[in-house]
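Let's take a walk through this model together, one stop at a time. Keep the 3D view open while you read.

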Amino acid sequence: MGKCIFVTGTDTDVGKTVIVACLASALMRAGKKVAVYKPIQCGDLLKGNIKSPDLALVKELTNIPDRDLVNDFSFQLAASPHLAAEHDKVKVDIQTIKDHTKSLLNAYDIVLIEGAGGLIVPLTRTYTVLNLIEDLSVPVLIVSRASLGTINHTSLTVNALKSHNIPIIGIILNYFEGGIIEEDNKKIINTLNNIPVIGIVPFSKNIKNLAKDFEKYVDIEKILQS
Ligand SMILES: Nc1ncnc2c1ncn2[C@@H]1O[C@H](COP(=O)(O)OP(=O)(O)OP(=O)(O)O)[C@@H](O)[C@H]1O
Ligand SMILES: [Mg+2]
């Protein structure tokens with residue numbers, strides 16, 4: 001049975017896909033068989049084998065084979081999944097995601113699941129990303145911005161997970177550019193939440209370089225031991 005890591009974020013565009021891709025690269029370098037699973041993709045769909053733009057980005061940043069990039073539902077509208085699904089007249093079947101997670105865990109050492117947006121994003125009118133994480137019983141890695149505003153967003157995300165007794169592997173601060181505020185954010189987020197900041201990922205003009213030496217920025221051992 002493999003290990004599952006659910007990667008969530010404090011927001012959309014916070015860098016979940018980039019972090020998932022870099023993590024997949026690092027874990028593959030550590031000899032692990034990795035699947036990247038994006039159960040629901042909304043908007044900007046591509047033509048061809050890989051419709052999900054997130055999975056296409058993972059492919060671009062890693063040498064992961066297409067068969068290890070998995071998506072169940074993809075919708076045209078770049079909106080919250082509940083609305084994007086309704087717009088395409090499709091129902092997101094949560095059982096499909098649960099079953100698929102199980103079968104992937106039987107076939108891979110590590111399954112990296114990327115949610116959609118943040119925790120309180122509805123997948124249906126009555127079921128959120130947080131509900132899915134709870135039902136899957138999997139630990140979570142939080143990706144958040146390093147910049148001003150992150151103390152509140154990151155702490156609210158941590159609190160929501162804690163209140164549902166969901167284990168948190170750690171926090172990765174993305175788009176780090178240094179300076180007095182961001183340097184302190186690393187410390188205060190740790191102190192306020194008692195959850196380790198296990199990675200500081202710099203803003204990079206060439207994100208391909210991040211994937212090449214992600215071990216420099218993120219404590220991969222901590223993730224493997226979680
Ligand atoms: N460390 C970084 N340095 C520079 N650019 C980055 C970095 N991390 C992410 N980006 C860029 O920011 C954008 C958003 O990143 P990404 O797609 O990973 O976010 P996301 O949280 O997965 O968004 P979504 O909620 O849409 O899935 C992308 O264009 C990506 O290339
Ligand atoms: Mg993404």
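The magnesium ion (ligand 2) is held by three protein donors, Thr-17 (OG1), Asp-54 (OD) and Glu-114 (OE), at 2.0 to 2.2 Å. Donors here are N, O and S atoms within 2.8 Å of the metal (3.2 Å for Na, K and Ca), and since water is not among the atoms, sites may look incomplete. Along the sequence, the donor residues follow the spacing T-x36-D-x59-E. Asp-54 sits in helix H2 (residues 53-61) and Glu-114 in strand S6 (residues 110-114), so this pair, 60 residues apart, links distant parts of the chain. Helices (H or I, at least four residues) and strands (E, at least two) are DSSP runs, numbered from the N terminus. Asp-54 and Glu-114 are both buried, meaning under 20% relative accessible area with a 1.4 Å probe and protein chains only.

A word on ground rules: this is a predicted model, where local features need pLDDT of at least 70, side-chain atom pairs count only at pLDDT 80 or more, and totals for chains, interfaces and linings use all residues. Residues are numbered from 1 along each chain as written, chains are lettered from A and ligands numbered from 1 in written order, and side-chain values use heavy atoms, leaving out hydrogens and water.

Next, find Ser-144 in strand S9 (residues 140-145). Ser-144 counts as buried because its relative accessibility is 0%. Its contacts (heavy atoms within 4.5 Å) include Thr-10, Val-14, Thr-150 and Thr-154.

Thr-150 and Thr-154 are also among the buried residues of H6. Those buried residues pack against helix H5 (129-136), S9, strand S10 (168-176) and helix H7 (180-193). Just past H6, Asn-165 has a positive phi of about 55°.

Methods: Buried < 20%, exposed > 50% of the residue type's maximum accessible area, 1.4 Å probe, protein only. Lists of a residue's contacts leave out its neighbours within four places in sequence.
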